[in-house]
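Biologist: Before I rely on any label in this model, I would like to hear how each one is earned. Please set the values against their cut-offs as we go.

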Amino acid sequence: MKKYIKNKHFTLIEILISMGVFLVLLTLLLNFFSGTRQVWKTLRERNEAFENSRVAMNLITDLMQCSLSVRDNIGFFIGDKANSADNCTFYTHSTRNFSGAANAADHSDLDNLHVVKLSYNKDEGKLVLHSQRVKDMTVAAGTAWNTLPAVTGNEKVIIPAVSALTFKALITAAEKPNRPVAVEVTLKMFDNKENRRHWYEDLDGKNATEPAKAKEFRMAHEYVFSRVISFEDVEKPIYEVSDAAPTP
């Protein structure tokens, strides 16, 4: 009788089935790692956006609460004396090295009095700060402190990926033209600079009439932060300013 010896090798069909199963498992594994990486990237970008907004809001709060807006004869300008705008200019006392001093300790208190402008650069998507020491400025007597000063030097970028910035006085200019009781600061940011650039340039987000695709993309990648900064707890000004004096 003939004896049939069982073939111990894999057949072509078995090899193909094994390869198919392996490819399915490999695809699922790659999708899992890709999804995990995307979640990690999203969380990291969100945390960076929250951290950047916190830094910006704390700096703005510090500058405004050290401002001289408590005095009626010293101007606090939201835009061009508006009630709401994307920039704000005011006089503030700070030991921060805004205007290029080597060491604030080497200067007098007057050197630490700055005029500061916070604004939003729409084309580049960044929150910037311009500053100048009052000691280096020519401040005339009379109502000069109620006149919007021009501050264009010493530009410092605070944070990037900004899509909008708004300062809003909670007391209208007609009721109190030179000092609001409080200011609401609203900051809108993208999760990263590339998404902000894509929205602004590629999707035409810079257009006054925002296209539907640009709006949909912005809503998916934009974070909104808001803070109300009050001046009512400031009882005394840091400097007394006389209308007859050229400097504080």
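Modeller: Let me start with a single bridge, in which serine 84 has lysine 168 as its partner in S7. This is a predicted model, where local features need pLDDT of at least 70 and side-chain atom pairs count only at pLDDT 80 or more, while totals for chains, interfaces and linings use all residues. Residues are numbered from 1 along each chain as its sequence is written, and side-chain values use heavy atoms, with hydrogens and water left out.

Biologist: How do you know that S2 and S7 pair?

Modeller: Two strands pair if DSSP finds at least two bridges between them; S2 and strand S7 (residues 162-169) are joined over two bridges, in the antiparallel sense, and therefore meet that requirement. Helices (H or I, at least four residues) and strands (E, at least two) are themselves DSSP runs, numbered from the N terminus. On its way to S8, S7 makes seven bridges, again antiparallel, and leucine 165 stands opposite leucine 187 in S8.

Biologist: What makes S2 and S9 the edge strands?

Modeller: The open sheet has four strands in the order S2-S7-S8-S9, with antiparallel pairing, and strand S2 (84-85) and strand S9 (222-230) each pair on one side only.

Biologist: Why is serine 119 called buried?

Modeller: Buried means under 20% relative accessible area, whereas exposed means over 50% and partly exposed lies in between (1.4 Å probe, protein chains only); serine 119 has 12% relative accessibility, so it counts as buried. This serine lies in strand S4 (residues 113-121), and its contacts (heavy atoms within 4.5 Å), leaving aside neighbours within four places in sequence, include Asp86, Lys126, His130 and Leu165.

Biologist: Why is the pair of phenylalanine 76 and phenylalanine 90 called stacked?

Modeller: Rings of Phe, Tyr and Trp (its six-membered ring) pair if their centres lie within 6.5 Å, and planes under 30 degrees apart count as stacked, over 60 as edge-to-face and the rest as tilted. Here the centres are 5.2 Å apart and the planes at 10°, so the pair is stacked. Phenylalanine 76 is in strand S1 (residues 76-78) and phenylalanine 90 in strand S3 (residues 87-93), so the pair ties together parts that are 14 residues apart in sequence.

Biologist: Why, then, is the pair of phenylalanine 190 and tryptophan 199 called tilted?

Modeller: Their centres are also 5.2 Å apart, but their planes stand at 35°, so this pair is tilted. Both phenylalanine 190 and tryptophan 199 are buried, and they form one aromatic cluster with Tyr200 and Phe217.

Biologist: How do you know that the charged end of arginine 196 sits over the ring of tyrosine 200?

Modeller: The criterion asks for NZ of Lys or CZ of Arg within 6 Å of the ring centre and within 35 degrees of the ring normal, and the charged end of arginine 196 sits over that ring, 4.4 Å from its centre.

Biologist: Which residues touch the most other members of the largest nonpolar core?

Modeller: A nonpolar core is a set of buried Ala, Val, Leu, Ile, Met, Phe, Trp, Tyr and Cys residues joined through side-chain atoms within 4.5 Å. Of its 30 residues, Met64, Phe167 and Val185 touch the most other members, and helix H1 (residues 12-65) supplies the largest share, seven residues.
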